[in-house]
Amino acid sequence: MIRLLLVDDQIIIRQGLKSLLESKPDLQVVGDAENGQLALDLLESLQGTPLQPDVVLLDVRMPVMDGVAATQQIYQRFPETQVLILTTFDDDEYVSQAMRFGAKGYLLKDTPSEDLAMAIRAVYQGYTYLGPGLFEKALPHQSTAEPVKPAPAIPPELADLSPREWEVLRLIASGASNREIAQALYISERTVKNHVTSILSRLGLRDRTQAALFASSFLALLDD
């Protein structure tokens, strides 16, 4: 059972999500809060109990403490709890900041219920999940006024990757899911997971998002 904490300043949203998510046999809503500060207080009180949340669904714009600030606090104080942003805002800065501060996923509220449940299961297992069109927004924001920098040299760690791992890394950088990678390379999802684990270990990266951001800097050089 995956235990969920819902954080949104609109009670009707929280009630709707609770009803929707608890229709899934493996999901349980253990609490809700109307802002980031109350969410932190609730996480503190539930630590070490049978109701300790596994995943927090966070809105971005909320009073008292917004979702981005709450994400950073949750990542620092409750590292065993995963954060999934669920909001109506797909602003580039919101997406990149939330992912940089430790969110494992970012979805919009119009996401179909089955996709939302799939995202919750993915982040619970430690994977990163971005909704359609959000991958580019998760990349570090850079002003177009800055001078163009020379292309970086390929890190020596990339030379340790096998040809198949290079293919998987390219697809990760393109935003492909494990299922899409498996279909593209005609291999099983289990094999994809093994390759991803190996890539993260070899490159010293924490998760798929870091791998995607890392690879995106060198894709042009790799293709050359």
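**Helix packing and nonpolar cores in a predicted model**

The axes of helix α7 (residues 163–173) and helix α9 (residues 189–203) come within 10 Å of each other and cross at roughly 90°. Helix α7 is therefore roughly perpendicular to α9. On the α7 side, the contact is made by R164, E165, V168, L169 and I172. On the α9 side, H195, V196, S198, I199, R202 and L203 take part. By type, the residues of this contact divide into six nonpolar, two polar and three charged. The model described here is predicted.

The chain as a whole was examined next. Its secondary structure comes to 11 helices and six strands. The chain has 224 residues, and 44% of them count as buried. About 11500 Å² of the chain is exposed, with 52% of that area supplied by carbon and sulfur atoms. Contacts between residues with a separation of 6 or more were also considered. Of these, 68% join residues 24 or more positions apart.

In soluble globular proteins, nonpolar side chains tend to be buried together. In this chain, the largest nonpolar core has 23 residues. Those with the most contacts inside this core are V7, V56, L58, I74, I85 and Y106. Both strands and helices give two or more residues to the core. The strands are β1 (2–7), β3 (55–58), β4 (82–87) and β5 (105–108). The helices are α2 (36–46), α3 (67–77) and α4 (92–100). A second, separate core has 20 residues, including A176, V196, L200 and A212. V196 is also among the α9 residues in the contact with α7.

L58 illustrates the surroundings of one residue of the largest core. Neighbours within four places in sequence are left aside here. L58 is then in contact with V7, G67, A70, T71, I74, V83, L84, I85 and L86. Among these partners, V7, I74 and I85 are listed with L58 as residues with the most contacts inside the core.

A70, another partner of L58, is found in helix α3. A70 has a relative accessible area of 0% and is therefore buried. Not counting residues up to four places away in sequence, A70 touches G36, L40, L58 and M65. The separation of A70 from D59 was also computed. These two residues are 11 residues apart in sequence. In space, A70 and D59 are 9.8 Å apart, C-alpha to C-alpha.

Key: Residues are numbered from 1 along each chain as its sequence is written. This is a predicted model: local features need pLDDT of at least 70, side-chain atom pairs count only at pLDDT 80 or more; totals for chains, interfaces and linings use all residues. Side-chain values use heavy atoms; hydrogens and water are left out. Axes are lines fitted to C-alpha atoms, for helices over the stretch in contact, and angles run from 0 to 180 degrees between N-to-C directions. Helices (H or I, at least four residues) and strands (E, at least two) are DSSP runs, numbered from the N terminus. Angles under 35 degrees count as roughly parallel, over 145 as roughly antiparallel, 65 to 115 as roughly perpendicular and the rest as oblique. Contact means heavy atoms within 4.5 Å. Ala, Val, Leu, Ile, Met, Phe, Trp, Tyr, Cys and Pro count as nonpolar, Asp, Glu, Lys and Arg as charged, and the others, Gly among them, as polar. Buried means under 20% relative accessible area, exposed over 50%, partly exposed in between (1.4 Å probe, protein chains only). Accessible areas come from the Shrake-Rupley method with a 1.4 Å probe; for residues, only the protein chains shown count as cover. A nonpolar core is a set of buried Ala, Val, Leu, Ile, Met, Phe, Trp, Tyr and Cys residues joined through side-chain atoms within 4.5 Å.
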